[in-house]
There are 2 protein chains.
Amino acid sequence: MADDGGARTGVGGARVGLEPPDGGAALRELLDGRWREVREHARERLTGELFAPVAGLSVEEHRARVAEQLAALAATEVPAYGFPTAVGGAGDLGASVAAFQMLVCDMSLMVKVGVQWGLFGGAIHALGSDRHHAEYLPRVISLELPGCFAMTETGHGSDVQRLRTTADYDPATGEFTVHTPDEAARKDYIGNAARDGRAAVVFARLRTLGTDHGVHALIVPIRDAEGRPLPGVTLSDCGPKGGLNGVDNGRISFDRVRVPREALLDRYGDVAPDGTYTSPIDNPDRRFFTMLGTLVRGRISVAGGAGTAAEAALAIAVRYAEARRQFEGPSGEVLLLDRRAHQRRLLPRLARSYALHFAQEELVAALHDAETGERPLDEHGRRELESRAAGLKAVATWHALDTLQACREACGGAGYLAENRLTQLRADADVFTTFEGDNVVLLQLLAKALLTKHRDAFGDLDALRMARFAAGQVLEGVVERTAARSLIERLVSAAPGRGDEADLYDRGWQLKLLEDREEHTVTGLARRLRRAGGGDPERAFRVFDDAQDHVLKAARVHVDRVVLEAFVAAIERCAEPVTRKLLERVCDLYVLSVVEEDRAWFLEHERLSGTRAKAVVQAVDDLCRGLRPHARTLVDAFGLPDAWLAAPIALGAEARRQEEQRRNEAADRGAPAPAS
Amino acid sequence: MADDGGARTGVGGARVGLEPPDGGAALRELLDGRWREVREHARERLTGELFAPVAGLSVEEHRARVAEQLAALAATEVPAYGFPTAVGGAGDLGASVAAFQMLVCDMSLMVKVGVQWGLFGGAIHALGSDRHHAEYLPRVISLELPGCFAMTETGHGSDVQRLRTTADYDPATGEFTVHTPDEAARKDYIGNAARDGRAAVVFARLRTLGTDHGVHALIVPIRDAEGRPLPGVTLSDCGPKGGLNGVDNGRISFDRVRVPREALLDRYGDVAPDGTYTSPIDNPDRRFFTMLGTLVRGRISVAGGAGTAAEAALAIAVRYAEARRQFEGPSGEVLLLDRRAHQRRLLPRLARSYALHFAQEELVAALHDAETGERPLDEHGRRELESRAAGLKAVATWHALDTLQACREACGGAGYLAENRLTQLRADADVFTTFEGDNVVLLQLLAKALLTKHRDAFGDLDALRMARFAAGQVLEGVVERTAARSLIERLVSAAPGRGDEADLYDRGWQLKLLEDREEHTVTGLARRLRRAGGGDPERAFRVFDDAQDHVLKAARVHVDRVVLEAFVAAIERCAEPVTRKLLERVCDLYVLSVVEEDRAWFLEHERLSGTRAKAVVQAVDDLCRGLRPHARTLVDAFGLPDAWLAAPIALGAEARRQEEQRRNEAADRGAPAPAS
């Protein structure tokens, strides 16, 4: 009884035997994962005045500070991580994502790093050829060439295929003319555009010899060496934003700007001097999505960055809740974290942060292995990676916002002070839910991939064609396991069947429950969409649109299941037995709070009885109580240094005040007694 | 079929016959309610450069601007609304709350108005005697005396009874000595303290002749005429916050500051020159809660202010969603608001905003009638008003945050630009969930009131005593109807019994469903707490604490029911038949989305079958589609002028761009054709 952490045995045993004997070292090592050295470097180097979070800067002050931090980072090994060794890089993509995720001292810096080395440099790397790499990447790495990723337009954000900037090739001069036809087609929300960028990777419709070959990318200089806009380039400032004001987002318009033929990033499409277009991929849709697919790193990074923000918030809120006392209990004022309502606010979110952390680690590793050739992916695998990145990005960024807000409220008025970081982190992370792909759109993409996973379906991204396609689709073996396949197979097959007798804490039963929900949801969706097949386009659209909630649900439940599998796989990697047991309980809290949240579905579909559903709620309560003594260990294991958390309420201010109060009260024994 | 708005008849009839023939005039009149003239005045007067929302101000610029706006307001009739005619006021409390709610052009101004005339002036009014009114209120109204409401301390926010600032009376000098014993006892987060306040209503423990009489309020000057802190008063700045940076929140410490005996606001407790304490209320707990109760206006105002922020956000997001097109549909790009996923984001929240608007109107009227003596309340009624204010404040402020975020995301990147208001409104409204009473604490208070409503229970506010008390309590007739009693009685008794045959749109059935949920939840909670009765305090605390989720649920479901009743009563006041039908559908959407959200409970407790629960989800979908054509009418009826919304995306920017694009594309027929 003692060693199962009490979660099954109620309050009495809840505090026994779960505290890791190594002070959380094994936990930290597991969370640090494969790129732990990169994380350690970040912890050691990103310190001192320059990287300390500062509140209350004006937009211009903030931009200047972030530019200075970026310059300092340029002198470290960080920028080189993700680039090929041929141009002075380290060829370690995973390291670049891990380093990005650590930049929680200021999320504006995180995003600025992402713009320069992830998006701008990453696009040149992924879409250009060796010639482009040699010419540009060393200067991108050194920050000699600060640049922009100019994809989004004012009129078209999430629907990239409809971008309207044009790049017309003229065989007479051997040049492209890049042009913005009207305001709806200007590049908008572009990081580095308002202040620092000198060049931009511009996404535009490539047109040559009378044919529009769809969206391609070109490198276009936008400012001269003195920072003045080049002729034909109009730059403007997006102005203050809801957060991330250290990033200089701006707008770019081109008035027939001419660039040489070589400006085209030509890996997936090239134009010969005479204007002839060639591409290694014949199908234009497939080419387009292959090009987009190379940019998957951005989404994965965003999911990770949001995850770190949530972890930082939990670290701040848990530390405060272990110091702050409020309202009377049986022996004096009670610590916030000893109250059930407070545990309920923080601990299920902490468990989900753990789960997402492991899922993120797995995704980064898959990306790294694919890109570095350690474990190359075929096209099917590649699409699956992209879908998973889309789904995890949506779930992780929403989780981050939800957690940041819960932590802010859990810290009351103190949480609202900028010095305590939570409001700033929340304001910054807000846009993570809609940039690098709007979350709703990303979940729709994932759902489509789930429906079509057994067949290549490039170009099936619009609603109508998708609906018709899904109508003819036979779905089989919807659930494809993602992590630790054999272990999960074993757990699932050992699980008891449906019904009330299974132990809620049985991992196999939990896995099966989420698998079953996914399978039911996805096949139900396919059946529903089949009704859209053939006939009237208006009706087909209606059927598809009516099913939107179902579409989003299919994607979400898929992510829940994949995340659980990643958690299970992570536990399997942990050798230290007490840590492992602690993780088992955290995993229980993750999965049972997922079930609790969606218990309407499980009830409606008779996967749980009413009694059983109530038992799930009770189990979440029990787990909260059982894990409460370990909350500090769990947040400390994220390894976020005090200098990054920076919040006075997380660094002893509250405890110091209470100590002073206690001394005062002890000295004040002669004070007037209350009226009876 | 045509005239029921199609909600029952599916997609086909959904657009028929609901658009009010008067362009929304009757709807607007109903929403404007009893204080419609005050709202009209605000719309006419709060215009021009001075009241235009401005983004990107520094903290100091923002404070200066708000101070200027406040001075301009001081010259209008607004400050006088809430004060007695004897001192130059209008004696119209409802008008003062209505005017406060309208200040959505800048929520910092809203809060600054609340601090000066609501909290500071309101405390002098409620807790002082005629002498104080005559001496201070004219200068409070004119803003000659800017002041603070100094209640919260760093160490004790929500637990006001434990405040530690002291006010010791000295009969020898006839003075009180106000003192801050240590940092935990300093006044914190105090509006007007950092920059503008000259005096403060300070809550401190009144001690005289060796007895501590608990928390009382005194007027203490804090700055001289030149704005310098007075001797013994230490003022500091809370610094930048997550929002509301136009309000100068600060900290106040007192080092044995002496004030005359007359500084005590003596309505509920006085000290004679010789130090003898007297009070019209003998029981100290009851006295304390009576004093606190007079401050209920603050909570009601906060709920209303948050409500307006949500309404503004919905107006912005709906207008944008009616202009913005994205992704291909059967006939070109589709308007965002024609997509189900988008309707689902906005319309149930719009319905809830309507419901809360009517509940707020009812609460303001009850407060007004009680305070002005038009319909005085006995102590029971007064406690009920306070409980309702607590519950509505919690639900309305959470709703506002949730809606602001949903609207921000629904506007994508454009929603993240400060110029489009949503991020600023959200950042400002954030703290509404924890100030004027932390929402969780307020719901706990409400739940306690629900358990004890048939008996005076002053002083039963701590967990232990409450648990023991509830244990001995017999609960009967838990559900007490709040609005339009006879109408609701009639609807409920005409409703069919439990079971699947009832029409989901039957109002009586809906009312009964929410009543039944409330009764079951509250009586179940009482039963559960009874277990805590007698015996071991540690165990009693545990039982009570374990029930926290149940406590919060009891409060929430009560608010849901009260809000529905207010909606039903409001519809009854609407004479225009088409408007009335439209409102009926909005009310359906409100109540059915409440049921949808909590359908796990209805399933677990066998109030709905699985089939029935799915039908509720379907009905919400149908209602979204049916109400979509009327979304603009519904948000326009809030009557928020364009100048207050200010967001370019809500004021035609998107439509203008699309028009330009269309012209461009029409002129560009000779453009290269896509590759096949």
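# Reading a predicted two-chain model

Me: Where should I begin with the strands, for instance strands 12 and 13 of chain A?

Reply: Strand 12 (residues 325-329) and strand 13 (residues 332-335) of chain A are paired in the antiparallel sense, over four bridges. Keep in mind that this is a predicted model. A hairpin of two residues links strand 12 of chain A to strand 13 of chain A. To fix the register, take one pair: Glu328(A) stands opposite Glu333(A) in strand 13 of chain A.

Me: What should I expect of the side chains along a strand?

Reply: In a regular strand they alternate between the two faces of the sheet.

Me: What is the strand order in the open sheet of three strands in chain A, and how are the strands paired?

Reply: To read a sheet, list its strands across rather than along the chain. Here the order is 4-8-7 (chain A), and the pairing is antiparallel. Strand 4 (187-190) and strand 7 (233-237) of chain A are the edge strands, each paired on one side only. From one strand to the next the twist averages 20°. Strand 4 of chain A is joined to strand 8 (residues 250-254) of chain A by two bridges, and the two run antiparallel. A residue pair for the register is Lys187(A) opposite Ile252(A) in strand 8 of chain A.

Me: What does the open sheet of chain B look like, and why is one side of each edge strand left without a neighbour?

Reply: In chain B an open sheet of three strands has the order 4-8-7, with antiparallel pairing. Strand 4 (187-190) and strand 7 (233-237) of chain B each have a single partner strand, so one side of each has no neighbour in the sheet. The twist there averages 20° from one strand to the next. Strand 4 of chain B and strand 8 (residues 250-254) of chain B run antiparallel and are joined by two bridges. Lys187(B) stands opposite Ile252(B) in strand 8 of chain B.

Me: How is chain A related to chain B?

Reply: Lay one copy on the other and read off the turn and the shift. Chain A goes onto chain B with an RMSD of 0.0 Å, by a turn of 180° and a shift of 0.0 Å along the axis. The two copies are therefore related as by a two-fold rotation axis. The same surface serves both copies, as 99% of the contact residues of chain A recur in chain B. Within chain A, the residue that comes closest to the rotation axis is Ala600(A), at 2.0 Å (C-alpha).

Me: How many residues of each chain are in contact, and what kinds are they on the side of chain A?

Reply: Count the residues on each side, then sort them by type. In chain A 83 residues are in contact with 82 residues of chain B. Those on the side of chain A divide into 30 nonpolar, 26 polar and 27 charged.

Me: Which strands pair between chain A and chain B?

Reply: Strand 6 (residues 211-221) of chain A and strand 14 (residues 673-674) of chain B run parallel and are joined by two bridges. In register terms, Asp212(A) stands opposite Pro674(B) in strand 14 of chain B.

Me: Is Gly155(A) buried or exposed?

Reply: Count its C-beta neighbours: a residue is buried if 20 or more lie within 10 Å. Gly155(A) has 24 inside 10 Å, so Gly155(A) counts as buried. Its place is in the loop between strand 1 (147-150) and strand 2 (166-170) of chain A.

Me: Which residues does Gly155(A) touch, not counting residues up to four places away in sequence?

Reply: Gly155(A) touches Arg164(A), Ala184(A) and Ala185(A), and also Arg657(B) and Gln661(B) of the other chain.

Me: How do I read the contact between helix 4 and helix 9 of chain B?

Reply: Take the distance of the axes, then the angle, then the residues. The axes of helix 4 (residues 93-101) and helix 9 (residues 340-371) of chain B come within 8 Å and cross at roughly 145°. Helix 4 of chain B contributes Leu93(B), Gly94(B), Val97(B) and Ala98(B), while helix 9 of chain B contributes residues including Val364(B), Leu367(B) and Glu371(B). The residues of this contact divide into six nonpolar, two polar and one charged.

Me: Which annotation covers residues 293-451 of chain A, and how much of that stretch is helix?

Reply: The UniProt record (unreviewed entry) gives "domain: Acyl-CoA oxidase C-alpha1" for residues 293-451 of chain A. That stretch is 74% helix and 6% strand. The record also lists "domain: Acyl-CoA oxidase/dehydrogenase middle" (unreviewed entry) for residues 148-257 of chain A, where the chain is 0% helix and 45% strand.

Methods
Residues numbered from 1 in each chain as written. Chains lettered and ligands numbered in written order. Predicted model: local features only at pLDDT ≥ 70, side-chain atom pairs only at ≥ 80, totals over all residues. Contact = placed C-beta atoms within 7 Å. Nonpolar A, V, L, I, M, F, W, Y, C, P; charged D, E, K, R; others polar. Pairing = 2+ DSSP bridges. Least-squares fit on C-alpha atoms with pLDDT ≥ 70 in both. UniProt positions renumbered as here; feature names shortened; annotations may be inferred. Axes fitted to C-alpha atoms, helices over the stretch in contact; angles between N-to-C directions. Buried ≥ 20, exposed ≤ 12 C-beta atoms within 10 Å, placed from the backbone.
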